[in-house]
Amino acid sequence: MNPRVITEPLSGNPLAAAAIAGNTPPGWYEPQPRDSAAWRERLESVRATFDHNWLARLGPAIEPTDKAKERLESVAAGRGVVVTTGQQPGLFGGPVYTLSKALSALALANSLQEATGVPVAPVFWAATDDTDFKEASSTVIAVHGGAQLLRIDHSQPLGRPMAAMPLGDVSRELEALTRSAGSAIDLNPIELLERFYTPEATIGSAYVGFLRALFAPFGIAVIDASHSATRAAARTVLNLALEKAGEIATAVNERNRELEAAGFVPQVQDVPGLSLVFNAASGGRKRVPIKAAGKHTGSDELGPNVLLRPIIERAILPTATYIGGPAEIAYFAQISPIADVLGVARPAIVPRWSCVIVEPHVARIMEKLRLLPEDLRDPHEAEARIARSRLPKRVLEELGATRAALDERLDALTDAIVEENAPVGPAVADGLRANLLHRLDRFERRLIAAAKKLHAEVMQEIGTARGSLYPLGKPQERSLNFVPLLVRYGPGLRDEMLAGARGHAEQLLGGSKVSRPLEEVGTVRGRS
């Protein structure tokens, strides 16, 4: 039995929400095409200004195979375009949104190609130049009764790009992930992890190798941001960003003030005195100071920060649009003035498809306990509510009556103190009320705790459901590793996710400003 894939609207960032709804000032974002004709115009403008040799230059950084190679070669030969998305490395491929992002790009590329006749290929930008070891070194798996964090240690100093950070022996963590997958329909994802996540690999190379092998049969190419071919292609824009570092800083500061004046918080905070260019020549990865920018031009170890990366991507790839999440949409508002200073094309962004995957065993738990997915957001609320419902009815009635009687008598006591001019004031009675009600609340919590222990099996079922939908208190898409899901459900899950992404892509081509769900998020009772 396949899981239920529920399309959800993106959420979590006020600026992104405003941008998706089309409620931001003109100029903050590249306008989103409203129909197929407008998309055709966008694609034509990109292909008209791009040379024919981009794939030859970047081929070593992409190393496409299978259907990914076929699509890229078709784009290069037919002067087509690409749809891009991307993510920094996550352990064993990272959370569900790594997969949903890639399928979003594939679905939009397919829809654009069908609607316009222009060759379009999806490209996943693997940000292996990122230095966030905390994110790259961990992932979350669902287990019976909850969720488990898998984390690896670093053998080299922090601060270096993930492309240069040794992976080490991750066999224990990979065994735990494999166990969590349970019965397998498709072992290929596990076999690929075993192939690429070896002690000789770096965190970045393992991530790139795994995603390339996994995504290539779908037609999705993966570009390595740290590859020398990528850096060489980006060198012109990076040197220009150093030459104009002061002007860029001024432009970004002005846009940040505009954002703040409109009531938004800039997604990427300004660091005074530093350019948007990193230099990794010393082994670490450090922002180049604006005052020293001239000394670093021409270096082979330059790289972009998060605000410069989309501009680099648009400059070296014939990118029709980037497809991103809330944080990315938010910081794209800060990018347009940078592109204007550099005199290069502004990158465009559209919202990615978002989903939650409800597995059959989770759906059965939700049905049995009459829970909704949102009931599991709070780490204790569902357990407390279910445990309280299992207490004897008479005990609950008497507890409520005791609280009501206590309130009534304390009100009378307070009135008497005031009316009889007692030697203590009402504040003393208020303190007594707080103390007694606190003791009563504490008694109720002890009752609920005892009920939880008595119904431990039910509590474990709730933990199992939460471990799948809100592992460790975070939304599934942002935390739960996607590999066990692919292993358990095989191509059927991928196809169902792609169908959801396809519906989202068709809405984008139709000019919908808001990424609306294909079906409203609701109860999973009786459905799996």
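Phe92, Tyr197, Phe210 and Phe482 come together as one aromatic cluster in this predicted model. Take Phe92 as the way in. Phe92 belongs to the loop between E2 and H5, and its relative accessibility of 0% puts it in the buried class. Its backbone is a bit odd, too: phi of Phe92 is near 55°, a positive value in a residue other than glycine. As a rule, most residues other than glycine have a negative phi.

Asn421 has a similar quirk, with a positive phi of about 55° although it isn't a glycine. Buried or exposed, then, is Asn421? Asn421 is exposed, at 71% relative accessible area, and its place is the loop between helix H17 (393-419) and helix H18 (426-454).

**Rings and charges**

Back to the aromatics: the structure holds eight aromatic pairs. Tyr322 and Phe332 make up a stacked one, with 6.0 Å centre to centre and 25° between the planes. That pair links distant parts of the chain, with Tyr322 in strand E10 (residues 319-324) and Phe332 in helix H13 (residues 326-332), ten residues apart. Both partners are tucked away. Tyr322 counts as buried because its relative accessible area, 3%, is under the 20% cut-off. Phe332 is buried as well, at 4% relative accessibility.

Tyr322 has another neighbour: Arg309 lies over the face of the Tyr322 ring, 5.0 Å from the ring centre. Elsewhere, Arg285 sits over the face of Phe278, at 3.9 Å from the ring centre.

Arg309 also leads us to helix H12 (residues 309-316), which is mostly covered, with seven of its eight residues buried. The buried residues are Arg309, Pro310, Ile311, Ile312, Glu313, Arg314 and Ile316. So charged side chains turn up in that list along with nonpolar ones, going by the residue classes. It's worth keeping the helix geometry in mind here: an α-helix has 3.6 residues a turn, so residues three or four places apart point the same way.

**A buried glutamine**

Just past H13, Gln334 lies in the loop between H13 and helix H14 (336-342). Gln334 is buried, at a relative accessible area of 0%. What does the side chain of Gln334 reach at 2.8 Å? The partner is the backbone oxygen of Val268. A polar atom of the Gln334 side chain also lies 3.3 Å from the backbone nitrogen of Gln267.

**Open and closed spaces**

The largest pocket holds about 1,200 Å³ of space. It is lined by 47 residues, and those closest to its centre are Gln87, Gln88, Tyr97, Asp132 and Glu135. Where does the largest share of that lining come from? H13 gives the largest share, four residues. The elements that supply at least two residues each are strand E2 (81-87), helix H5 (96-116), helix H6 (133-136), E4, strand E5 (146-151), H13 and helix H20 (476-479).

Then there are the closed spaces: five cavities of 30 Å³ or more. The largest cavity is lined by Arg47, Phe50, Asp51, His52, Trp54, Val75, Ala76, Arg79, Gly80 and Pro318. The second largest cavity has Ile141, Ala142, Ser180, Leu480, Asn481, Pro484, Leu485 and Arg488 around it. Strand E4 (138-143) and helix H21 (483-509) are the elements that give two or more residues to this second lining, and H21 has the largest share of it, with three residues. E4 is thus a name to remember, because it also supplies at least two residues to the lining of the largest pocket.

Here are the three spaces side by side.

| Space | Volume | Lining by class |
|---|---|---|
| Largest pocket | about 1,200 Å³ | 16 nonpolar, 17 polar and 14 charged residues |
| Largest cavity | about 70 Å³ | five nonpolar, two polar and three charged residues |
| Second largest cavity | about 40 Å³ | five nonpolar, two polar and one charged residues |

**The whole chain**

Stepping back, the protein has 21 helices and twelve strands. Its C-alpha atoms fill a box of roughly 90 × 55 × 50 Å, taken along the principal axes. Of its 528 residues, 52% count as buried.

How values were computed:
Residues numbered from 1 in each chain as written. Predicted model: local features only at pLDDT ≥ 70, side-chain atom pairs only at ≥ 80, totals over all residues. Heavy atoms only, no water. 1 Å grid on protein atoms, 1.4 Å probe; cavity = no way out; pocket = protein on both sides within 12 Å on 5 of 7 lines; lining within 4 Å. Points joined across faces, edges and corners; volume = space filled by probe spheres on them. Phe/Tyr/Trp six-rings, centres within 6.5 Å; stacked < 30°, edge-to-face > 60°. Buried < 20%, exposed > 50% of the residue type's maximum accessible area, 1.4 Å probe, protein only. Lys NZ or Arg CZ within 6 Å of the ring centre and 35° of its normal. Polar contact = N/O pair within 3.5 Å; in protein donor to acceptor, adjacent residues only side chain to side chain.
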